Each structure stands twice: as structure tokens, then as C-alpha cells.
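Q: Please take me through the labels used for this model. I would like to see the reasoning behind each one.

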Amino acid sequence: MNARALQGRRILVTRAQEDGERWAEALSRLGAAPVVFPCLVSEPIGDAATAEALRAGMAAATWLVVTSARGTEAVARLLAGPLPEHTRVAAVGPATARAAIEHLGRVDLVASASTSEALGAELAALLRYAPSSTRSVLVAGAAGGRQDAEMELAAAHITTRRVDVYRTSPVPPLARKRELAADRVDDVLLASPSAVTGLVNCAVLPKEVRVITIGATTSAAAVAAGLSVTAEARWPNLDGMLEAMT
């Protein structure tokens, strides 16, 4: 969808707070009027086994990839100490970069497009001709989260390990759901089955609202929840969802 078609459209963003704000910034630049309505909540994974896996992975890796501020905070909490001196940090965007500086003390690469796919591609390009001893990456992410960065790195034959340091879950059911008709929402973006669950747990959609999903799995979850899917993205990202809105 071009910027002119987005002008003034009120688009409900149902991702977790930080992710939703990042999408809202992109939508605002295109002239839309985003409404951030988090339908997911996040919590760190703080058990001893995860802490040990993170430390072991960090000892072997020359780069740490962090794809959210909450993941960065979880890494710092699990490490309970400074980064190894040899470890460089790659962050998915400005907010994550700020968190990396605050909690980890450094950031060495920030993705230009603020997506994990872009971050993986840019880090892969940086390491493509590097010595093999420096081509080892640890990704700290969300349990069940997308693995776009890992896929880009794997395509460049870069050794990659992942440790899940936090998890997201749907917002629990509310006794009194929010009536979104009052928000004059035109479109709803759903980027995961968990977001579908969180949305129906806490809100009632107006009948005329358009529901845009990020892919087939999310569409199936939306239909199972009684929602009518208007369009499904061909590519699993914000650009794909906006293209599907046309």
C-alpha cells in the first residue's frame, strides 16, 4: 500500500509494547494514525539452565545478536556481569541499541532497516570474508520467536547458536473487554497466533474493521477465534502486511 492510501487510516497494532511502538513509528512516517494496543506480554526466562547456556554460548561467540530491548535486558540479567571482552553486539534497531549500551555497555552494529532479517543480512555481509575464528554468532531471542536473523546468517555459512532469554504470551482475558468501535479503527494488524488470542481476550472488534494477518498460521488462528480475515501478507513482515492491505 502506498503512502497516499495510508493517509489518516487508523491502524491497530497488536504486538507487544516495544515491537508495537516500532511499527507505529513506521506507520506514522507513512501518514497513518497507528493505535498501539499490546495484546502480548513478555517475561524473562531466568532459570539456571538458560543462564548457563547463555554464558557458554557467549564464551564461544564473537558476536551477540539482540533483537529487542527486553531481550537485551534479559541477557544482562542472566549474565550478572560484564560481557566477555571479545564479544561484539549487533542490535536490531535504535531502541535495542540504546538498551545494549545501557545494559551491556556497547553496541557495534545497528540494522539500518530495524528488522531481524536486515540485521542478519548486514552482519552476514560484515562477516562474509572474516577469519573463520570470528564467524561465530549467538542470538538471544524470544521463545517461539521468528528466526530471520539466523536464516540470513546460515545462508552465509556463519556458525550460529540461539538461546531464548524471554517469552511472550497473550494478554489474559479481561472481565470487561475494550470496545474498539470507540477508537474508530480501520484496520487491525495481527502478527502471530498469540496476538490473536490476546486480542479476543481483551477487545471487541467492530464488524466493519479490516483484519490483516502476517501469514497462514495467524490467519488460521484468527478464523478459529471467529474473526473474518480480510487479507494475508505474502511476506512475513510489516511491508508484506501493508502490501496486503491494497
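Q: What makes Glu 243 and Arg 234 a salt bridge?
A: The rule asks for a side-chain nitrogen of Lys or Arg within 4 Å of a carboxyl oxygen of Asp or Glu. Between Glu 243 and Arg 234 the closest N and O atoms are 3.1 Å apart, so the pair meets the rule. Bear in mind that this is a predicted model, where local features need pLDDT of at least 70, side-chain atom pairs count only at pLDDT 80 or more, and totals for chains, interfaces and linings use all residues. Residues are numbered from 1 along each chain as its sequence is written, and side-chain values use heavy atoms, leaving out hydrogens and water.

Q: Why do Glu 243 and Arg 234 get their accessibility labels?
A: Buried means under 20% relative accessible area, exposed means over 50%, and partly exposed is in between (1.4 Å probe, protein chains only). Glu 243 has 27%, so partly exposed is the word for it; Arg 234, with 59%, is exposed. Elsewhere, salt bridges that share partners join Glu 18, Asp 19, Arg 22 and Arg 70 into one network.

Q: How many salt bridges does the rule give, and what does the one between Arg 9 and Asp 187 tie together?
A: The count comes to 13. In the pair of Arg 9 and Asp 187, the closest N and O atoms are 2.8 Å apart. Arg 9 sits in the loop between α1 (3-6) and β1 (10-13), while Asp 187 is in strand β10 (residues 187-190), so the bridge ties together parts that are 178 residues apart in sequence. Helices here are DSSP runs (H or I, at least four residues), as are strands (E, at least two), numbered from the N terminus. Asp 187 is buried at 0%, whereas Arg 9 is partly exposed at 23%.

Q: What makes Arg 178 and Asp 183 another such pair?
A: Their side chains meet at 2.8 Å, N to O. Arg 178 has a relative accessible area of 34% and is therefore partly exposed, and Asp 183, at 14%, is buried.

Q: Why are Cys 39 and Cys 202 not called a disulfide?
A: A disulfide needs a pair of cysteine sulfur atoms within 2.5 Å. The sulfur of Cys 39 has its closest cysteine sulfur in Cys 202, at 4.3 Å, too far for a bond. The structure holds zero disulfides. Both residues are buried, Cys 39 at 0% and Cys 202 at 3%.

Q: What makes the phi of His 157 worth a note?
A: Most residues other than glycine have a negative phi. His 157 is not a glycine, and its phi is positive, about 60°. His 157 follows just after α7, in the loop between α7 and β8, and is exposed at 69%. Ala 80 is another residue other than glycine with a positive phi, near 50°. Ala 80 lies in the loop between α4 and β5 (88-91) and is exposed at 67%.

Q: Which residues of α7 are buried, and what do they pack against?
A: In helix α7 (residues 148-155), the buried ones are Asp 148, Ala 149, Glu 150 and Leu 153. The buried residues of α7 pack against α6 (116-127), β7 (136-142) and β8 (159-170).

Q: How do you know whether Leu 104 is buried or exposed, and what does Leu 104 touch?
A: Leu 104, in helix α5 (residues 94-104), has 12% relative accessibility and so counts as buried. Contact means heavy atoms within 4.5 Å. Leaving out residues up to four places away in sequence, Leu 104 touches Leu 64, Thr 72, Val 75, Ala 76, Leu 83 and Ala 99.

Q: Where is Thr 67, and what accessibility label does it get?
A: Thr 67 is in the loop between β4 (63-66) and α4 (69-79). Its relative accessible area is 19%, so Thr 67 is buried. Not counting residues up to four places away in sequence, its contacts are Arg 22, Val 92, Thr 96, Ser 116 and Ala 140.
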